[in-house]
Amino acid sequence: MKFELPPLPYEKDALEPHISARTVGYHYEKHHRGYMDKLDKALDDDRRDLDLEEIINHAYATGDEAVFNPAAQVWNHNFYWQSLTPEGPTSPSPELEDEINSAFGSLADFKTAFTEAAAGEFGSGWAWLVQDTATDRLRVISTTDAMNPLTANKVPLLTLDVWEHAYYLDYQNERAAYIEAFLEAMINWDFASQRFQQVRKAA
Ligand code: MN
């Protein structure tokens, strides 16, 4: 893999007023880049030519937390920036919306489930919309610290970072307001719909 961050898919101030340029700047330049630097230092020569998902799965399988944590955090942040859009509000594709209705009842019920998962993660972590490949169904889950659903055969469609560094400068302790801004204004349903189509094709 290349030990370089993918560029942000939008300008740092593009998510304002929901997420400030200051938050995006720290989050991308310090936190995300910091995980990449840690991974670069922790990874031995044998694994440097693997792609990021292979590194994550290998480190998880061997209990190598020194590599797993920064590698998963790099993947999670790459995915997080794509899960947000300044072009909102967006809507799921008809195919994805059908599946959401079937799994959760309605789009509103999905939002309730996602809010509960994102608010209910006690410390640092992530909330996800995933396709569970075992059941071929959509699910909302949360993971703690760096944990990534790929390790459990779940394909992520969207994620929200609920580590405090993602929202504290803008929302202080009001995680619920940040979750609501994500669901109502920033969620990138176009990205999730594309991911869903890929999952469907691969199945
Ligand atoms: Mn983060």
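Helices here are DSSP runs of H or I with at least four residues, numbered from the N terminus. In this predicted model, one such run is helix α3, which spans residues 65-83 and holds Asn76.

Asn76 makes a good starting point. Its relative accessibility is 0%; because the cut-off for burial is under 20%, Asn76 counts as buried. The side chain of Asn76 has a polar partner, the side chain of Asn148, at 2.8 Å. Beyond its neighbours within four places in sequence, Asn76 is in contact with Trp126, Trp128, Ala146, Met147, Asn148 and Thr159.

Tyr35 offers a second view of the interior. This residue sits in helix α1, residues 21-42, and is buried as well, with a relative accessible area of 13%. The side chain of Tyr35 forms a polar contact of 3.2 Å with the side chain of Gln73. Gln73 is also among the residues that Tyr35 touches when those up to four places away in sequence are set aside; the others are Pro70, Val74, His77, Trp163 and His165. Leu5 stands 30 residues from Tyr35 in sequence, with 10.0 Å between their C-alpha atoms.

Turning to the sheet, 3 strands are arranged in the order β2-β1-β3, forming an open sheet with antiparallel pairing. Strands β2 (137-144) and β3 (154-161) are the edges, each pairing on one side only. From one strand to the next, the twist averages 25°. Strands of a sheet pair through backbone hydrogen bonds, in either a parallel or an antiparallel sense. Between β1 (residues 125-132) and β3, the antiparallel pairing extends over 7 bridges, and Asp132 is found opposite Lys154 of β3. Helix α8, residues 189-202, lies across β1, β2 and β3, and runs at about 165° to β3.

Helix α4 (residues 94-104) shows how burial can be distributed around a helix axis. Its buried residues are Leu96, Glu99, Ile100 and Phe104. Viewed down the axis of α4, these residues fall within an arc of 105°, so they line one face of the helix. In an α-helix there are 3.6 residues a turn, so residues three or four places apart point the same way. The cover over the buried residues of α4 includes α5 (107-120), β1, β2, β3 and α8. Pro94, Glu95 and Asp98, on the other side of α4, are exposed. Just after this helix, Gly105 adopts a positive phi of about 110°.

Key:
Residues are numbered from 1 along each chain as its sequence is written. This is a predicted model: local features need pLDDT of at least 70, side-chain atom pairs count only at pLDDT 80 or more; totals for chains, interfaces and linings use all residues. Side-chain values use heavy atoms; hydrogens and water are left out. Helices (H or I, at least four residues) and strands (E, at least two) are DSSP runs, numbered from the N terminus. Buried means under 20% relative accessible area, exposed over 50%, partly exposed in between (1.4 Å probe, protein chains only). Contact means heavy atoms within 4.5 Å. A polar contact is a pair of N or O atoms within 3.5 Å; within protein, one must be able to donate a hydrogen and the other to accept it, and residues adjacent in sequence count only if both atoms are side-chain atoms. Two strands pair if DSSP finds at least two bridges between them. Axes are lines fitted to C-alpha atoms, for helices over the stretch in contact, and angles run from 0 to 180 degrees between N-to-C directions. The arc is that of the directions from the helix axis to the C-beta atoms.
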